[in-house]
Amino acid sequence: MGSSIYGVSSSHISLFLFFSFLSLSTAALPQNPSGKSSPSGQINSNSVLVALLDSHYTELAELVEKALLLQTLEEAVGKHNITIFAPRNEALERQLDPEFKRFLLEPGNLKSLQSLLMFHIIPKRVGSHQWPDPKTGPVKHNTLCNDHIRLTSQSTGKKTVDSAELVRPDDVIRPDGVIHGIQQLLIPRSVIEDFNRRRNLRSITAVLPEGAPEVDPRTHRLKNPAPIPVGAPPVLPIYDAMAPGPSLAPAPAPGPGGPRHHFDGESQVKDFIQTLLHYGGYNEMADILVNLTSLATEMGRLVSEGYVITVLAPNDEAMAKLTTDQLSEPGAPEQIIYYHIIPEYQTEESMYNAVRRFGKVKYDTLRLPHKVVAQEADGSVKFGHGEGSAYLFDPDIYTDGRISVQGIDGVLFPEEETQTVKKPAAVKVASKPRRAGKLLEVGCWMLGSLGGGSGFRWCQ
């Protein structure tokens, strides 16, 4: 009885306790002695990434965090050893071009920053003793950005990574990688091309603003017509010549240019978008035209065909008031911008003269069949109606004869078409006595005068 407990022998109990202790001891042992990240994505405290973030390469570590590369590098460390070439802090603080550094830190250039940083990392471990011999020449190594760098050694003992000199070899050594200190920043060709392309776009300057040609309001023709070369499109559009009126542009505009694309609309649209960015306060409008929609391309095609447009551009403060519901529906940004594009060429002067003369002016928009109403208010031009109105805030931001950009301080929406049945007002109509009643009255009076009171009583 003493050798068993409820039918289980003591030897079985001892064996069970031994295996339980063995399993607990196995679970307590480290599962990743090499220092690589575990499958769960956690980084070992002895990892080279942790060493980089805690090292004296603070500028590089800050850029890695801003580029959102920690997860990508964790996955790379989990697969293989890595070698990091870390530039000195002085190379990133003082020796880097301020314009290039500003380019890297812009939110829209996140991919360029990521490519630049991953260009400093190769997915293998390369110690200083593994540098190629001067006699063998340079050796290429692929980087994490699918590009390659060259490691070279000179007879003087100098070691280089591309054009950067190795100044602190094997500065940080960890089980999953090594960090070498280099003299300067390594810049891949793709990032240089992106930077030069963006710099060329910024160097584009807008055409100097010019006033619209003057039109005689009586004859609706140009006051001083310039000589028109043979084959050029007409100065006045055909609609302006057929049905002149307050709803049409008082300023002339060229007609369609035909299939030959007489005008370079894409360059003009790019020009006015760059003008919006340089002007300041209209970045949201430019972002919608270029990134969120394809309206910039559509506008370029229209201008290439010879059409003219006037853009009522809401400023950033007005765009910030848009709610998520107003932008969440499919095609909502396009419909909003369509209502702000007038297929006419208007300037601040021409619109103000029109509202001063006609009171209210309705302009056609690309959001058919809705029209935008303009009227004079406080010495300026007011668009829209009620609470959804907007004033002409920054006039003539860009005017080149085919594209006119006018800044407004609100986002316009078309008036909702509500069908309400109006009850006719009650009108009191004074009933006129009929002619027969008048004659009867006269007859009764005659009978009363002839026959006494009997005739009068009969009439009553």
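This is a dialogue on how to read sheets, helix crossings and aromatic groups in a predicted model.

Me: What kind of model is this, and how are the residues numbered?

Reply: The model is predicted, with residues numbered from 1 along each chain as its sequence is written, and local features need pLDDT of at least 70, while side-chain atom pairs count only at pLDDT 80 or more and totals for chains, interfaces and linings use all residues. Side-chain values use heavy atoms, with hydrogens and water left out.

Me: In what order do the strands of the sheet that contains β4 and β5 stand?

Reply: Helices (H or I, at least four residues) and strands (E, at least two) are DSSP runs numbered from the N terminus, and two strands pair if DSSP finds at least two bridges between them. Here seven strands form an open sheet with mixed pairing, in the order β4-β3-β9-β8-β7-β6-β5. At its edges stand β4 (121-122) and β5, each with a single partner strand, so one side of each has no neighbour in the sheet.

Me: Which residues stand opposite each other in the pairs of this sheet?

Reply: Strand β5 (residues 139-142) pairs with strand β6 (residues 148-153) in the antiparallel sense over four bridges, and His 141 stands opposite Ile 149 in β6. Five residues lie between the strands of this hairpin, where Asn 146 takes a positive phi near 60°. Strand β8 (residues 164-174) and strand β9 (residues 177-182) also run antiparallel, joined by five bridges, with Val 172 opposite Ile 179 in β9.

Me: Which strands are at the edges of the sheet with the order β13-β12-β18-β17-β16-β15-β14?

Reply: That open sheet of seven strands has mixed pairing, and its edge strands are β13 (341-342) and β14 (360-364), each pairing on one side only. Within the sheet, strand β17 (residues 390-399) and strand β18 (residues 403-408) run antiparallel and are joined by four bridges, and Leu 392 has Ile 408 in β18 as its bridge partner. Helix α16 (residues 348-358) packs on the sheet, touching β14, β15 (371-377), β16 (380-383), β17 and β18; contact means heavy atoms within 4.5 Å.

Me: How should I read the crossing of α10 and α12?

Reply: Axes are lines fitted to C-alpha atoms, for helices over the stretch in contact, and angles run from 0 to 180 degrees between N-to-C directions. The axes of helix α10 (residues 265-279) and helix α12 (residues 295-304) come within 7 Å and cross at roughly 130°. That makes α10 oblique to α12, given that angles under 35 degrees count as roughly parallel, over 145 as roughly antiparallel, 65 to 115 as roughly perpendicular and the rest as oblique. The crossing is right-handed; a crossing is left-handed if the near helix is turned anticlockwise from the far one by less than a right angle, and right-handed if clockwise. Among the residues that make the contact are Phe 272 and Ile 273 of α10 and Met 299 and Val 303 of α12.

Me: At roughly what angle do α3 and α7 cross?

Reply: The axes of helix α3 (residues 58-66) and helix α7 (residues 110-118) cross at roughly 135° and come within 10 Å, and the two helices are therefore oblique to each other. Their crossing is left-handed, and the contact includes Leu 60 and Leu 63 of α3 as well as Leu 113 and Leu 117 of α7.

Me: How many aromatic pairs does the structure hold?

Reply: A pair of aromatic rings is described by the distance of the centres and the angle of the planes. Rings of Phe, Tyr and Trp (its six-membered ring) pair if their centres lie within 6.5 Å, and the structure holds six such pairs. One aromatic cluster is formed by Phe 100, Phe 103 and Phe 195.

Notes: Phe/Tyr/Trp six-rings, centres within 6.5 Å; stacked < 30°, edge-to-face > 60°.
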